[in-house]
Amino acid sequence: MFNIKQIKLGLEEWKKLENELKRIGDSEKLELVLNMVMVPVTEENNENEEEESEEHHHMAPPEFTEDLSKLVDSIKSEYNANADYHSHGDHGELMVALITEGGSIPGVVRGIIEEARNCESCMIHSIDGEVHLGDDVSVIMFGDSYKLTVILPGQDGRRLVIMELNV
């Protein structure tokens, strides 16, 4: 269980990321490209996560693709984003792209992850993404629905800043 100090620290880290993205974007808009691998919720997921190394390729249930489609529609309308998914039989990939102010990107990322968490028949397996300033990649991120690692340039332009954020 989290205590108040941990929650406060978590929110401060997200605020730091917001300030860093404002700095990177300056007065220009940034493009967020986010990819989330989603897997169907099954009893197998809950009982035997350690068996992931074995090759188990099952077809996802129909409600999985229906819920992914609803999730895409929700993200499109909520964030005015380009969003789509591809089903690969036993999992799906949700892709989101949008252009916005740098300071709003942390809220968008958290919101999309929260919406994906609310998917009844699917769960997040992994998350990776990039933030672009023009044609340049300015930020990369990767993780899962619990922790996101973000790598971005420091203010001196010579060092990288690595942030670990609780989602």
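1. In this predicted model, the lining of the largest cavity draws at least two residues from each of three elements, namely helix 1 (4-25), helix 4 (105-117) and strand 6 (147-153). The residues that line the cavity are Trp14, Leu17, Leu21, Ile105, Pro106, Val109, Met141, Leu148 and Val150.

2. As to the chemical character of that lining, its residues divide into nine nonpolar ones, with no polar and no charged residue among them. The volume of the largest cavity is about 30 Å³, and the structure holds one cavity of 30 Å³ or more, a point to keep in view when the lining is discussed.

3. A separate site that deserves comment is serine 121, which lies in the loop between helix 4 and strand 4 (122-133). Its relative accessible area is 10%, and because this falls under the 20% cut-off, serine 121 counts as buried.

4. The side chain of serine 121 has two partners that should be described separately. With the side chain of aspartate 67, the serine 121 side chain forms a polar contact of 2.6 Å, whereas with glutamate 63 the partner atom is the backbone oxygen, which the side chain of serine 121 reaches at 3.2 Å.

5. The wider surroundings of serine 121, once residues up to four places away in sequence are set aside, consist of contacts with Val39, Pro40, Val41, Glu63, Phe64 and Asp67. Glu63 and Asp67 thus appear among the residues touched by serine 121, and they are also the partners of its side chain at 3.2 Å and 2.6 Å, respectively.

Terms used. Residues numbered from 1 in each chain as written. Predicted model: local features only at pLDDT ≥ 70, side-chain atom pairs only at ≥ 80, totals over all residues. Heavy atoms only, no water. 1 Å grid on protein atoms, 1.4 Å probe; cavity = no way out; pocket = protein on both sides within 12 Å on 5 of 7 lines; lining within 4 Å. Points joined across faces, edges and corners; volume = space filled by probe spheres on them. Helix = DSSP H or I, 4+ residues; strand = E, 2+ residues; numbered from the N terminus. Nonpolar A, V, L, I, M, F, W, Y, C, P; charged D, E, K, R; others polar. Buried < 20%, exposed > 50% of the residue type's maximum accessible area, 1.4 Å probe, protein only. Polar contact = N/O pair within 3.5 Å; in protein donor to acceptor, adjacent residues only side chain to side chain. Contact = heavy atoms within 4.5 Å.
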